[in-house]
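Me: I would like to understand how the descriptive words used for a protein model are justified. Could you take me through some of them, setting each value against its cut-off?

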Amino acid sequence: MRAGSDDYRDSGLVFPEGFTFGSATASYQVEGAAQEDGRLPSIWDTFSMTPGRVWNGDTGDVACDHYHRWESDLDLMKDLGLDAYRFSIAWPRIVPAGTGAVNQAGIDFYSRLVDGLLERGIRPVATLYHWDLPQPLEDAGGWPVRATADAFERYAEIMGAALGDRIHTWTTLNEPWCSAYLGYGQGGHAPGRAEPAAALAAVHHLNLAHGRAVQALRATSTGDPEYSVTLNFHVARGRGPQAAEAVRRVEALANRAFTGPMLRGEYPADLLEDTASVTDWSFVQDGDLEAIHQPIDVLGVNYYSTVTAQLWDGVSPRQMNDGHKAVAGGTAWPGSDGVLEFLEQPGPYTAMGWNIAPEGLEELLLSLREQFPDQALMVTENGAAFDDEVADDGSVPDPERLDYLRRHFTAAHRAMQQGVDLRGYFVWSLLDNFEWGYGYAKRFGIVRVDFDTLERTVKQSGEWYARLAKTGTIPE
Ligand code: FCB
């Protein structure tokens with residue numbers, strides 16, 4: 001089937017009653033106010049201020065100024081008819097030094113935000129960690145050290161007690177794959193370290209942080225929230241004589257390194273073998289796997305595109321990085337460096353260079369249902385960057401993004417028709433924002449942000465999504 005094929009372009013499809021239509025953002029990408037009300041630097045402040053790390057030297061200092069404009073942003077969400085808002089809480093606003101003093105002003109901000117959502121009939125879906133680790137915790141070793149998981153557990157306790165009476169869904173981590181492998185292996189994300197063994201230690205401590213946080217949130221939340229984690233699954237295709245082995249390796253490092261301990265209570269044996277030359281996994285202590293293996297209500301799925309990998313029996317001279325978020329250096333695939341090569345995908349592409357493959361989303365949802373039959377799923381991110389142009393009348397026609405979304409909603413609907421228990425869908429992103437290493441160069445919003453005036457304009461895709469959210473039917 002061709003990637004851009006009309007098979008994934010249905011209008012008129014109806015989603016079931018109660019299906020959640022939402023939109024997502026993350027603290028460092030939208031809030032700004034980086035030095036206000038007691039917030040101290042996170043690893044992304046440090047990274048973005050390091051010359052050469054982020055496109056154009058962009059930082060999240062101002063971003064979308066959501067910290068000051070949250071009320072009108074919530075009004076906008078209400079106008080769009082969103083059922084839910086997935087946002088993240090900035091750890092450095094809550095426990096600015098990572099350990100020690102709690103900053104009430106930070107808690108108050110999110111408390112007002114949550115009340116504002118509830119007043120507008122929008123369900124709060126809060127992520128505790130979308131990559132903004134307090135810098136002092138990185139200075140003390142970061143995710144490769146166990147104490148970071150201890151500090152995260154305390155932060156989860158604080159947030160459970162503060163907001164656990166009102167949050168609809170708690171999400172512990174966003175895409176630990178990126179935090180571990182891009183942050184500590186490949187180095188294209190903060191803190192920018194390229195140390196394969198540290199990346200695997202980070203994988204484990206992120207898993208541990210997830211399990212401990214679920215327990216801490218459960219113990220402190222007085223409402224009846226749902227619990228979740230968001231993973232960015234790799235939908236892999238293999239090439240060459242060892243295609244199946246290439247896929248197996250990618251899935252072990254990218255997917256099963258997280259679903260294994262979180263959902264089955266074990267690290268996959270093949271993952272431990274693949275990485276044996278890098279680490280002996282002795283950082284896994286007695287009781288850790290039980291702590292990590294906590295029941296969750298929904299599994300968050302982020303999906304943008306597919307990857308194609310080839311295995312070279314350790315002789316390839318080529319650079320092995322997954323181009324997904326990559327910039328340069330290191331490896332996002334510890335233990336498979338020099339073995340796995342990521343090949344260019346067939347188009348069409350978004351402005352990120354990511355291939356558009358809605359069938360990958362259908363395939364992923366079906367595969368998760370097969371692997372974890374009783375686990376409800378939620379698409380917590382899907383969307384596309386394109387180089388939008390503002391029309392003379394001030395409107396923002398973005399037919400490519402609209403088409404991308406239509407195809408992916410169609411794919412999700414198909415998966416549901418085949419029995420997948422998909423509860424909802426969050427478009428990435430509500431607003432154009434700080435796209436990590438790409439700064440403000442890549443626009444994912446269904447709402448345009450003019451970064452000079454900070455003015456918001458709903459794009460054509462936003463109007464389209466509002467019709468979908470309000471009617472539950474994929475519009476023309
Ligand atoms: C995901 C991130 C999100 C955003 C999108 C485009 O990996 O979770 O913050 O950058 O990609």
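Reply: What follows is a set of questions and answers about a predicted model, taking helix pairs, buried residues and backbone angles in turn.

Me: Let me begin with helices α5 and α7. Why is α5 called oblique to α7?

Reply: Helix α5, residues 104–119, and helix α7, residues 147–163, pack at an angle of about 45°, and their axes are 10 Å apart. Angles under 35 degrees count as roughly parallel and those from 65 to 115 as roughly perpendicular, while the rest that are not over 145 count as oblique. An angle of about 45° is in none of the named ranges, and therefore α5 is oblique to α7. The crossing of α5 over α7 is right-handed.

Me: Which residues make that contact, and how do they divide into nonpolar, polar and charged?

Reply: On the α5 side the contact is made by Ile107, Tyr110, Ser111 and Val114, and on the α7 side by Ile158, Ala162 and Leu163. Sorted by kind, the residues of this contact are 6 nonpolar, 1 polar and no charged.

Me: Ser111 is one of the residues in that contact. How do you know whether Ser111 is buried or exposed?

Reply: The relative accessible area of Ser111, which lies in helix α5, is 18%. Buried means under 20%, so Ser111 counts as buried. Leaving out residues up to four places away in sequence, Ser111 touches Leu163 and Arg166. Arg237, by comparison, is 126 residues from Ser111 along the chain, and the C-alpha atoms of these two residues are separated by 44 Å.

Me: What makes α8 and α9 roughly antiparallel to each other?

Reply: Helix α8, residues 176–186, and helix α9, residues 196–220, pack at about 155°, with their axes 8 Å apart. Angles over 145 degrees count as roughly antiparallel, and therefore the two helices are given that description. Their crossing is right-handed. In this contact Pro176, Ser179, Ala180, Tyr181, Tyr184 and Gly185 of α8 meet Pro196, Ala198, Ala199, Leu200, Ala202, Val203 and Leu206 of α9, and the residues divide into 11 nonpolar, 2 polar and no charged.

Me: And why is α14 called roughly parallel to α15?

Reply: The axes of helix α14, residues 399–417, and helix α15, residues 460–471, come within 8 Å and cross at roughly 30°. That angle is under 35 degrees, so α14 is roughly parallel to α15. Pro399, Arg401, Leu402, Leu405, Arg406 and Phe409 of α14 make the contact with Gln460, Ser461, Trp464, Tyr465 and Leu468 of α15. The residues of this contact divide into 7 nonpolar, 2 polar and 2 charged.

Me: How do you know whether Glu138 is buried or exposed, and what does its side chain meet?

Reply: Glu138, which has its place in helix α6, residues 135–139, has a relative accessibility of 9%. Since buried means under 20%, Glu138 counts as buried. Its side chain is joined to that of Arg193 by a polar contact of 2.9 Å, a value that is within the 3.5 Å required of such a pair. Apart from neighbours within four places in sequence, the residues in contact with Glu138 are Ile43, Leu133, Trp143, Tyr184, Pro191 and Arg193.

Me: Pro191 is among the contacts of Glu138. Where is Pro191, and is the peptide bond from Ala190 to Pro191 cis or trans?

Reply: Pro191 is in the loop between α8 and α9, and the bond from Ala190 to Pro191 is cis, with omega near 5°. A further cis bond runs from Trp428 to Ser429, with omega near 10°, and Ser429 lies in the loop between β11 and β12.

Me: What makes the phi angles of Asp37 and Trp436 worth pointing out?

Reply: Most residues other than glycine have a negative phi. Asp37, in the loop between α1 and α2, is not a glycine, yet has a positive phi of about 50°. Trp436, in the loop between β11 and β12, also has a positive value, near 45°.

Me: How do you know whether Asp37 and Trp436 are buried or partly exposed?

Reply: Partly exposed covers values between the 20% and 50% cut-offs, so Asp37, at 41%, counts as partly exposed. Trp436 has a relative accessible area of 2%, which is under 20%, and therefore Trp436 is buried.

Conventions
Residues are numbered from 1 along each chain as its sequence is written. This is a predicted model: local features need pLDDT of at least 70, side-chain atom pairs count only at pLDDT 80 or more; totals for chains, interfaces and linings use all residues. Side-chain values use heavy atoms; hydrogens and water are left out. Axes are lines fitted to C-alpha atoms, for helices over the stretch in contact, and angles run from 0 to 180 degrees between N-to-C directions. Helices (H or I, at least four residues) and strands (E, at least two) are DSSP runs, numbered from the N terminus. A crossing is left-handed if the near helix is turned anticlockwise from the far one by less than a right angle, and right-handed if clockwise. Contact means heavy atoms within 4.5 Å. Ala, Val, Leu, Ile, Met, Phe, Trp, Tyr, Cys and Pro count as nonpolar, Asp, Glu, Lys and Arg as charged, and the others, Gly among them, as polar. Buried means under 20% relative accessible area, exposed over 50%, partly exposed in between (1.4 Å probe, protein chains only). A polar contact is a pair of N or O atoms within 3.5 Å; within protein, one must be able to donate a hydrogen and the other to accept it, and residues adjacent in sequence count only if both atoms are side-chain atoms.
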